[in-house]
Amino acid sequence: MFIRMQFLFDQNAIQKRRPAGCLVFFVLILTTSPAFSGGAELTNLTVRNSNGELQVDLMIKGIFTEEMKAVVSKGIPTSLTFLILLYEVRDYWFDGKMVSKTAVHDIKFDVLKKEYRIQRSWEKRSPSIIIIKDFKKAQSCFSEIKGFDVIPLKRLKKGKHYQLGVKSEIIENKVHFTGFPWEFETDWYTINFIY
């Protein structure tokens with residue numbers, strides 16, 4: 001009789017916990033669904049060498065949702081951050097991080113002049129601000145990287161295995177809170193290669 005009562009007690013405890021467990025499971029599904037991230041995805045990730053540097057090219061599709069277009073068209077500054085990591089892959093041991101870099105793209109629409117001002121932190125051009133009148137061109141300039149220097153080739157070893165990981169995110173500037181749920185973060189995208 002005592003054992004049966006203990007079993008019933010445990011069964012009741014499980015039943016009391018079930019709703020909380022379901023809620024946690026639901027929240028996990030919600031936060032990993034494409035709707036939460038706005039459907040943004042990193043595409044055309046390419047690793048190449050140029051001028052003695054390992055370089056990366058990439059593009060993000062799906063960041064300009066209707067909400068984001070509305071925010072940008074009001075002249076609210078928006079920043080897109082790219083996180084880039086390079087690891088040396090080691091068999092039977094932890095991978096060694098070689099480089100961790102960040103690139104930031106800023107876009108702001110000048111409502112009076114009807115032009116988009118884009119600044120990309122990694123570019124070495126002068127002037128550092130790119131001015132574009134056409135929205136499609138501004139969108140393309142804001143959401144792509146071409147020729148980002150990751151690491152000098154002399155730091156890589158011939159025949160070694162490397163992994164490059166990239167992700168991007170937009171986090172709303174709290175000073176310019178708009179109420180739109182357009183923050184996003186892409187998954188990590190990786191490329192494995194042997195130098």
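1. Strands S1 (residues 41-50) and S2 pair in the antiparallel sense, with eight bridges between them. Here two strands count as paired if DSSP finds at least two bridges between them. Helices (H or I, at least four residues) and strands (E, at least two) are DSSP runs, numbered from the N terminus. Glutamate 41 has lysine 61, in S2, as its bridge partner. The two strands form a hairpin with two residues between them.

2. On the source: this is a predicted model, in which local features need pLDDT of at least 70 and side-chain atom pairs count only at pLDDT 80 or more, whereas totals for chains, interfaces and linings use all residues. Residues are numbered from 1 along each chain as its sequence is written, and side-chain values use heavy atoms, with hydrogens and water left out.

3. The protein chain has four helices and 10 strands. From the N terminus on, the order of elements is α-α-β-β-α-β-β-β-β-α-β-β-β-β. Of its 195 residues, 35% count as buried; buried means under 20% relative accessible area, exposed over 50%, and partly exposed in between (1.4 Å probe, protein chains only). Among contacts between residues at least 6 apart in sequence, 59% join residues at least 24 apart, a contact being heavy atoms within 4.5 Å.

4. S2 (residues 53-61) also pairs with strand S7 (residues 144-152), again in the antiparallel sense, over six bridges. In that pairing, glutamate 53 stands opposite proline 152 of S7. The result is an open sheet of three strands in the order S1-S2-S7, with antiparallel pairing. S1 and S7 are its edge strands, each pairing on one side only. Neighbouring strands of the sheet are turned by 25° against each other on average, direction ignored; the axes are lines fitted to C-alpha atoms, for helices over the stretch in contact, and angles run from 0 to 180 degrees between N-to-C directions.

5. S2 is mostly covered, with seven of its nine residues buried. A polar residue to look at in this strand is glutamine 55. Glutamine 55 is buried, at a relative accessible area of 8%. Its side chain makes a polar contact of 2.8 Å with the side chain of aspartate 149. A polar contact is a pair of N or O atoms within 3.5 Å; within protein, one must be able to donate a hydrogen and the other to accept it, and residues adjacent in sequence count only if both atoms are side-chain atoms. Leaving out residues up to four places away in sequence, glutamine 55 touches Thr46, Val47, Arg48, Ser50, Gly147, Phe148, Asp149 and Val150.

6. The largest nonpolar core has 40 residues, of which Leu58, Leu86, Phe142, Val150 and Leu164 touch the most other members. Strand S4 (residues 96-110) gives the most to this core, with five residues. A nonpolar core is a set of buried Ala, Val, Leu, Ile, Met, Phe, Trp, Tyr and Cys residues joined through side-chain atoms within 4.5 Å. Phenylalanine 142, not counting residues up to four places away in sequence, touches Ile63, Phe64, Met68, Thr78, Ser79, Leu80, His105, Asp106, Ile107, Ile118 and Ile170.

7. Helix H4 (residues 135-142) has Ala138, Cys141 and Phe142 as its buried residues. Seen down the axis of H4, these fall within an arc of 95°, so they line one face of the helix; the arc is that of the directions from the helix axis to the C-beta atoms. The face turned away from the buried side carries the exposed residues Lys136 and Lys137. At the start of H4, a side-chain oxygen of aspartate 134 comes to within 3.4 Å of the backbone nitrogen of lysine 136.

8. Strand S6 (residues 129-132) alternates along its length: Ile130 and Ile132 point to one face and are buried, while Ile129 and Ile131 point to the other and are not. S6 is joined to strand S5 (residues 115-120) by four bridges, and the two run antiparallel. Tyrosine 116 stands opposite isoleucine 132 in S6.

9. Some backbone angles deserve a check. Most residues other than glycine have a negative phi. Asparagine 44 has a positive phi of about 55° although it is not a glycine, and its place is in strand S1. Asparagine 51, in the turn of the S1-S2 hairpin, also has a positive phi of about 55°. Lysine 114, in the loop between S4 and S5, has a positive phi near 55°.
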